[in-house]
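Below is a short report on one model. Read it with the structure open.

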Amino acid sequence: MLRSCAARLRTLGALRGPAGGRRLPGREPRPALRSFSSEEVILKDYSVPNPSWNKDLRLLFDQFMKKCEDGSWKRLPSYKRIPAEKIQDFKTHLLDPKLVKEEQMSQTQLFTRSFDDGLGFEYVMFYSDVEKRMVCLFQGGPYLEGPPGFVHGGAIATMIDSTVGMCALMAGGVVMTANLNINYKRPIPLCSVVMINSQLDKVEGRKFFVSCNVQSVDEQTLYSEATSTLIIPILQTQKLRQTWDLYLGPPGFRSQTSSIRIHYPSAMTNTEVRKGVMV
């Protein structure tokens, strides 16, 4: 597994050229890379196969795409960041304008899409509205290392949080994580592929209860189990719902620790929401 990971790193390095931007003799200079904030990059869908995906991830992707043909499942597109005109809704309804710096907002991007292809989070999500179930196919790259040769527990928590968040979001609109409990069973080898299965168990008022497990491709190895409670914020507008309907990528980096028990506020007032308690 580590040898295949190293080989993938060498391939990616070869595609990028020599370190430090030096040009080899006889080589034509490469065109300058565009800023990730350009509209072309923003609107690029990153939940489709790229050269870094291994055969397991490609095979699972093809299998789920076949399930999408009859409409029972659908693939969710994923972008580096929300387009500028959509960010305005969040700034208007969920952020204190005094805390917003335009130059910073213009350079933001999702944590899970902030690595080059193959180095960090490679994933795609599929949702079944009938089953109220979300499946994330995840390949953890070498920059997510925790213990030598294995994916960091915080990176796993990030993907679990993103998956359960999207499961609740698809079922009920904008949600925030109130509670996330994770039991780590086995470490996940770097550059391997796992399936993160999440299921909406019940809804009580504004609360959504979601369960989740992380399994190997053959479903014979259980890596992690999790439960989560997510809450619809008190401040909810039609515009904000439409924003999330248009943006179907992961809700963002909300779990910032690899601890087994992660807690967030269980209730929010309008004032708290406007002060930026959105994660």
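In which strand does Val-193 lie? Val-193 lies in strand β5. Helices and strands here are DSSP runs (helices H or I, at least four residues; strands E, at least two), numbered from the N terminus.

This is a predicted model, in which local features need pLDDT of at least 70 and side-chain atom pairs count only at pLDDT 80 or more, while totals for chains, interfaces and linings use all residues. Residues are numbered from 1 along each chain as its sequence is written, and side-chain values use heavy atoms, with hydrogens and water left out.

**Contacts across the sequence**

Val-193 counts as buried, at 6% relative accessibility. Buried means under 20% relative accessible area, exposed means over 50%, and partly exposed is in between (1.4 Å probe, protein chains only). The C-alpha atom of Val-193 is 9.2 Å from that of Tyr-123, with the two positions 70 residues apart along the chain.

Three other residues also have partners far along the chain. Thr-158 lies in helix α6. Thr-158 is buried, with a relative accessible area of 2%. Gly-173 sits in the loop between α6 and β4. Gly-173 also counts as buried, at 15%. Ser-72 belongs to the loop between α3 (55-67) and β1 (74-76). At 29% relative accessibility, Ser-72 is partly exposed. The table lists the C-alpha separations.

| Pair | Apart along the chain | C-alpha separation |
|---|---|---|
| Val-193 and Tyr-123 | 70 residues | 9.2 Å |
| Thr-158 and Phe-111 | 47 residues | 9.2 Å |
| Gly-173 and Ile-232 | 59 residues | 7.4 Å |
| Ser-72 and Asp-129 | 57 residues | 7.3 Å |

**The nonpolar core**

A nonpolar core is a set of buried Ala, Val, Leu, Ile, Met, Phe, Trp, Tyr and Cys residues joined through side-chain atoms within 4.5 Å. The largest one has 38 residues. Which members touch the most others? They are Met-134, Phe-138, Ile-160 and Ile-196. At least two core residues come from each of β2 (121-128), β3 (133-140), α6 (153-172), β4 (176-184), β5 (193-204), β6 (207-216) and β7 (222-231). Helix α6 gives the largest share, eleven residues.

**Cavities**

Rolling a probe the size of a water molecule over the atoms shows where empty space is left. On a 1 Å grid over the protein atoms alone, a cavity is a set of points where a 1.4 Å probe fits but cannot get out; lining residues have an atom within 4 Å of a point. Grid points are joined across faces, edges and corners, and a volume is the space filled by probe spheres set on the points.

The whole structure holds three cavities of 30 Å³ or more. The largest contains about 80 Å³ of space. Its lining has 13 residues. Arg-113, Phe-115, Asp-117, Phe-121 and Glu-122 lie nearest its centre. By class, the lining has three nonpolar, five polar and five charged residues. Ala, Val, Leu, Ile, Met, Phe, Trp, Tyr, Cys and Pro count as nonpolar, Asp, Glu, Lys and Arg as charged, and the others, Gly among them, as polar.

**Aromatic rings**

A pair of aromatic rings is described by the distance of the centres and the angle of the planes. Rings of Phe, Tyr and Trp (its six-membered ring) pair if their centres lie within 6.5 Å; planes under 30 degrees apart count as stacked, over 60 as edge-to-face and the rest as tilted.

The search of the whole structure finds nine aromatic pairs. Why is the pair of Phe-115 and Phe-121 tilted? Their planes are at 55°, so the pair is tilted, with the ring centres 5.9 Å apart. Phe-121 is buried, at 4% relative accessible area, whereas Phe-115 is partly exposed, at 24%. One aromatic cluster is formed by Trp-53, Phe-61, Phe-64, Trp-73 and Phe-126.

Charges also sit over rings (NZ of Lys or CZ of Arg within 6 Å of the ring centre and within 35 degrees of the ring normal). Lys-67 lies over the face of Phe-64, at 4.4 Å from the ring centre. Arg-113 places its charged end over the ring of Tyr-123, 3.7 Å from the centre.

**Positive phi in loops**

Lys-132 is in the loop between β2 and β3. Its phi is near 50°, a positive value in a residue other than glycine. Glu-219 is in the loop between β6 and β7. The phi of Glu-219 is near 65°, again positive. Lys-132 is partly exposed, at 27%, and Glu-219 is partly exposed, at 48%.

Conventions
1 Å grid on protein atoms, 1.4 Å probe; cavity = no way out; pocket = protein on both sides within 12 Å on 5 of 7 lines; lining within 4 Å.
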